[in-house]
Amino acid sequence: MEDFIIPLSSEFDGIYFIEGFQHARYPYSHSMLIGDYLIDTGISHKRLKTLKKRFPINNVLFTHWHEDHISGNYLLKDAKFYCHLKDRIPIENVDEMIRLYNVKNTPVEDELNSLIKLLRMQNIKVDALIEDNDIFNINDQLKLKVLFTPGHTAGHCAYYEQNSKIAFLGDIDLSKYPYYGNLDASLIEFEESIARIKSLDIKIVATGHRGIIEGKKKINEEIEKYMSILLERDERILAFFSERSRPIELDDLREHNIIYRKYTAFKDFEIIAELLMIEKHLEKFLKERLIIEKKNGYVLN
Ligand SMILES: [Zn+2]
């Protein structure tokens, strides 16, 4: 067997972690194969072709619309595609991504269009919609449950196989860089979704950009670390408020390395995404009444 196809259970046949190319560093991501159901298609063109030769893939389940999770769709056009209603439009029309990333008429628009071409992305038609708690009875042993876990995108879903207690969390990715930098993201929902995942009885998880994590204790530690990154971001934004006596507008927080501590070669994109993410924190602060809105900006409450 190719070394990127890794069985996840000795007890239950037919569950594989499929490692994305370059350790699933963007623009690639990991997948999970359960029976003839593949979750996400961003492992790379070449790996997907190899996987198709090894296994029948009759169904494709999406965690969400991001390009690094759907780029291989064009290689699976005979399969049945499933996603949540709220992510349907950008999966069916990849040009929608430009709007959702808020990059229209910026240099990033051209970069993203070049990437779409490079990855050979094509539009597909979603065949069926999934909802929270739907169950796919894959065979006598494998029962895959849909967990609607919005936040990273509006329609993000995780998947949980009930007998083996193995879950695929998509981009609740347990990396060092939690992301909610598109217009349809929500930090409030993201935190609720993470809390829901934490409450699950899980033995093994895999995510879109982290490898396999085994054992409830280790999984909980990783989830807590992930949540603490969000809290550190809260604190940095609140500190920004404390340091200034006048009301703050969203744009005052632009390009201050609040979320990206160092901008990289993708600086143009990072600045746009960072401001969108900060906006999601302000939305949360308003709800929690940590800040209030005045005529000329926000102030601490
Ligand atoms: Zn994503």
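**Entry 1: the second sheet**

I began with strand β8 (residues 135-137), which is joined to strand β9 (residues 143-148) by 3 bridges, the two strands running antiparallel. I note at the outset that this is a predicted model. Between β8 and β9 I found a hairpin that passes through 5 residues, and in this pair Ile 135 stands opposite Lys 145 of β9.

I then followed Lys 145 to its other side, where its bridge partner in β10 is Tyr 160. The pairing of β9 with strand β10 (residues 157-161) is antiparallel and extends over 5 bridges. From β10 I went on to strand β11 (residues 166-168), which pairs with β10 in the antiparallel sense over 3 bridges, and there I saw Glu 161 opposite Ile 166.

Taken as a whole, these strands belong to an open sheet of 6 strands in the order β8-β9-β10-β11-β12-β13, in which the pairing is mixed. I asked myself why one side of β8 and of β13 (212-214) is left without a neighbour in the sheet. Both stand at the edges and have a single partner strand each, so one side of each stays unpaired in the sheet. From one strand to the next I recorded a twist of 20° on average.

**Entry 2: the other sheet**

I next looked up the open sheet of 7 strands, whose order is β1-β2-β3-β4-β5-β6-β7 and whose pairing is again mixed. Its edges are β1 (5-7) and β7 (128-130), and each has a single partner strand, so one side of each lacks a neighbour in the sheet. Ignoring direction, I noted that neighbouring strands here are turned by 25° against each other on average.

Within this sheet I checked one pair in detail: strand β2 (residues 15-18) and strand β3 (residues 31-34) run antiparallel and are joined by 4 bridges, and Ile 18 has Ser 31 of β3 as its bridge partner.

**Entry 3: domains and their contact**

I turned to the division of the chain, which gives domain 1 (5-225) and domain 2 (244-300). Their C-alpha centres lie 28 Å apart, and 13 residues of domain 1 are in contact with 12 residues of domain 2. On the side of domain 1 that touches domain 2, α6 (107-118) and α7 (187-198) each supply at least two residues. When I sorted that side by class, I obtained 8 nonpolar, 5 polar and no charged residues.

**Entry 4: nonpolar cores**

Which residues of the largest nonpolar core touch the most other members? Of its 66 residues, I listed Met 32, Val 60, Ala 158, Tyr 159, Ala 167 and Phe 168. Helix α9 (residues 267-288) contributes the largest share, 5 residues. Because domain 1 (5-225) and domain 2 (244-300) both give residues to this core, it lies between them.

I examined Phe 168 more closely and, leaving aside neighbours within four places in sequence, found Phe 168 in contact with Met 32, Ile 39, Ala 158, Tyr 159 and Ala 206. Apart from this core lies another, of 5 residues, including Phe 241, Ile 248, Ile 291 and Tyr 298.

**Entry 5: Lys 218**

Finally I looked up Lys 218, which is found in helix α8 (residues 216-242). Is Lys 218 buried or exposed? I counted 12 other C-beta atoms within 10 Å of Lys 218, and 12 or fewer is the cut-off for exposed, so I entered Lys 218 as exposed. From C-alpha to C-alpha, Lys 218 and Pro 90 are 34 Å apart in space, and 128 residues separate them in sequence.

Technical notes. Residues numbered from 1 in each chain as written. Predicted model: local features only at pLDDT ≥ 70, side-chain atom pairs only at ≥ 80, totals over all residues. Domains from an automatic or database assignment. Contact = placed C-beta atoms within 7 Å. Nonpolar A, V, L, I, M, F, W, Y, C, P; charged D, E, K, R; others polar. Core = buried A, V, L, I, M, F, W, Y, C linked by C-beta atoms within 7 Å. Buried ≥ 20, exposed ≤ 12 C-beta atoms within 10 Å, placed from the backbone. Pairing = 2+ DSSP bridges. Axes fitted to C-alpha atoms, helices over the stretch in contact; angles between N-to-C directions.
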